Amino acid sequence: MPVHEKTLALHGGAPVRSTLLPYGRQEIDDDDVAAVVETLRSGWLTTGPKVAEFEAAAAEVAGAAHAVAFSSGTAALHGAAFAADLQPGDEAVTTPLTFCATANSILYQGATPVFADVSDDTLNVDPAEVRRRLTPRTKAIFAVDFAGHPADLDALSEIAAARGLVLVEDACHALGAEHRGRRVGGLAAMTVFSFHPVKHVTTGEGGMVTTNDAALAARLRLFRSHGIDVEAHQRQAAARWRYDMVALGNNYRLSDIACALGVSQLRKLPANLARRRRVAERYTAAFSKIEGVRTPAVRAEALPAWHLYVIRLVPEVLRADRDDVLAALRAENIGVNVHYIPVHTLRYYRERFGYKGGEYPVAEAAHAVEITLPLFHAMTDADTDDVVAAVDKVIAHFRR
Ligand SMILES: *Cc1c(COP(=O)(O)O)cnc(C)c1O
């Protein structure tokens with residue numbers, strides 16, 4: 001590893017890297033481009049053969065019987081909230097340490113998100129806290145596989161089964177992750193994925209719900225296309241003009257153009273997961289030796305997909321807070337980020353539900369010290385070394 005100047009770039013020293021390493025980035029190959037071009041020339045732009053092909057491939061990868069494509073992960077979460085039959089007056093328990101879309105999807109159905117604090121090791125929702133938040137109005141649990149580490153699915157499934165709740169797993173970080181040797185996708189009642197460019201597989205914008213329940217799959221398809229009982233391509237095939245609208249749905253369809261990209265991208269998932277796991281291993285090996293840095297925990301039953309690599313600072317041994325360290329790493333051209341601002345502390349949630357902060361101490365404490373480091377499958381070992389060198393340099397500077 002090259003020896004870098006000790007003066008922080010923040011203080012005028014030479015940065016570890018001359019160009020910014022982003023925290024996440026997609027990779028589009030020539031065969032991805034060719035797949036999209038082929039579909040553009042095929043005559044089908046939306047809801048044609050590529051949607052069915054992408055759904056079948058995603059169902060297989062996720063180990064589920066059914067997969068229903070949506071126009072985004074957010075639309076897919078909304079679909080899951082609809083299929084779970086969330087209605088005004090209902091509650092769904094979820095985690096505050098997630099992207100706001102998870103909780104928003106509960107609100108879209110007029111139901112109320114009830115947050116439960118996270119476990120300190122994985123930062124996934126804590127089943128004991130979920131139990132504390134159950135009321136007679138609770139209808140569903142929306143768990144998140146934070147950073148790609150599966151949620152505590154054994155305990156959450158047990159709660160859901162005992163109370164007759166629908167378990168929805170927001171696996172937008174976790175395509176390819178495993179729980180007890182089984183892929184996430186068929187372990188909860190519904191599992192939601194995102195194909196936004198920062199995720200493992202991209203369609204530009206896109207999402208998917210996987211399930212083993214045929215009735216839920218049917219409700220998801222209904223909701224995706226206006227609540228109309230027959231999709232346009234089926235009507236065309238059957239030369240039928242008559243249709244009925246049986247529920248209030250939306251246009252949340254994903255196009256054939258996007259799905260062509262998805263089919264091509266999904267083929268690269270194994271290599272992509274292997275690469276992310278290698279970067280995570282190198283990070284953990286290096287950061288375990290740096291005092292002041294806490295590495296992410298991995299439970300025995302979990303094989304994470306490593307969407308994010310989130311370190312936590314140990315404030316007791318540092319003369320700086322998270323924002324100082326984050327600014328110093330940015331100056332070294334390391335594209336650091338923070339996941340997430342706890343949802344209950346966002347203005348909309350504070351104003352609507354009266355949160356003041358302090359309600360979810362584990363999530364809030366984690367948020368105060370967390371930093372997301374670059375992690376994407378096109379990262380080289382040299383990129384990884386740069387991140388390690390920059391963290392080492394910055395933490396050494398701020399250590400007491
Ligand atoms: C990305 C993401 C979403 C939203 O997915 P979009 O495809 O961007 O709509 C929801 N939940 C989590 C945890 C995510 O990371």
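In this predicted model, an N or O atom in the side chain of D170 lies 2.8 Å from a nitrogen atom of the ligand. Two further side chains approach oxygen atoms of the ligand. For S194, the distance from a polar side-chain atom to a ligand oxygen is 2.7 Å. For H173, a polar side-chain atom is 2.9 Å from an oxygen atom of the ligand. Taken on its own, the ligand has 380 Å² of accessible area, and the protein covers 92% of this.

The place where the ligand sits is the largest pocket. Around the ligand there are 15 residues, and the closest of them are G73, T74, D170, S194 and K199. D170 and S194 therefore appear twice in this account: they belong to the closest residues, and their side chains make the approaches described above, D170 to a nitrogen atom and S194 to an oxygen atom. The shell divides by residue type into nine polar, four nonpolar and two charged residues. Helix 3, which spans residues 73-83, gives the largest share of the shell, with three residues.

Helix 3 also leads to a feature of the backbone. The loop between helix 3 and strand 2 (91-94) holds D85. The phi angle of D85 is near 65 degrees, which is a positive value in a residue other than glycine.

Away from the ligand, the next element to follow is a sheet. Three strands make up this open sheet, in the order 7-6-11, with antiparallel pairing. Strand 7 (182-183) and strand 11 (302-303) are the edge strands, and each of them pairs on one side only. Strand 6, residues 178-179, pairs with strand 11 over two bridges in the antiparallel sense. Within strand 11, A302 is the residue that H179 stands opposite.

A last backbone feature lies in another loop. Between helix 11 (322-331) and helix 12 (347-353) runs a loop in which Y340 is found. The peptide bond that leads from H339 to Y340 is cis, and its omega is near 0 degrees.

Notes: Residues numbered from 1 in each chain as written. Predicted model: local features only at pLDDT ≥ 70, side-chain atom pairs only at ≥ 80, totals over all residues. Heavy atoms only, no water. Near = heavy atom within 4 Å. Polar contact = N/O pair within 3.5 Å; in protein donor to acceptor, adjacent residues only side chain to side chain. Areas by Shrake-Rupley, 256 points an atom, 1.4 Å probe, with all protein chains shown as cover. 1 Å grid on protein atoms, 1.4 Å probe; cavity = no way out; pocket = protein on both sides within 12 Å on 5 of 7 lines; lining within 4 Å. Sits in = over half its atoms within 2 Å of the grid points. Helix = DSSP H or I, 4+ residues; strand = E, 2+ residues; numbered from the N terminus. Nonpolar A, V, L, I, M, F, W, Y, C, P; charged D, E, K, R; others polar. Pairing = 2+ DSSP bridges.
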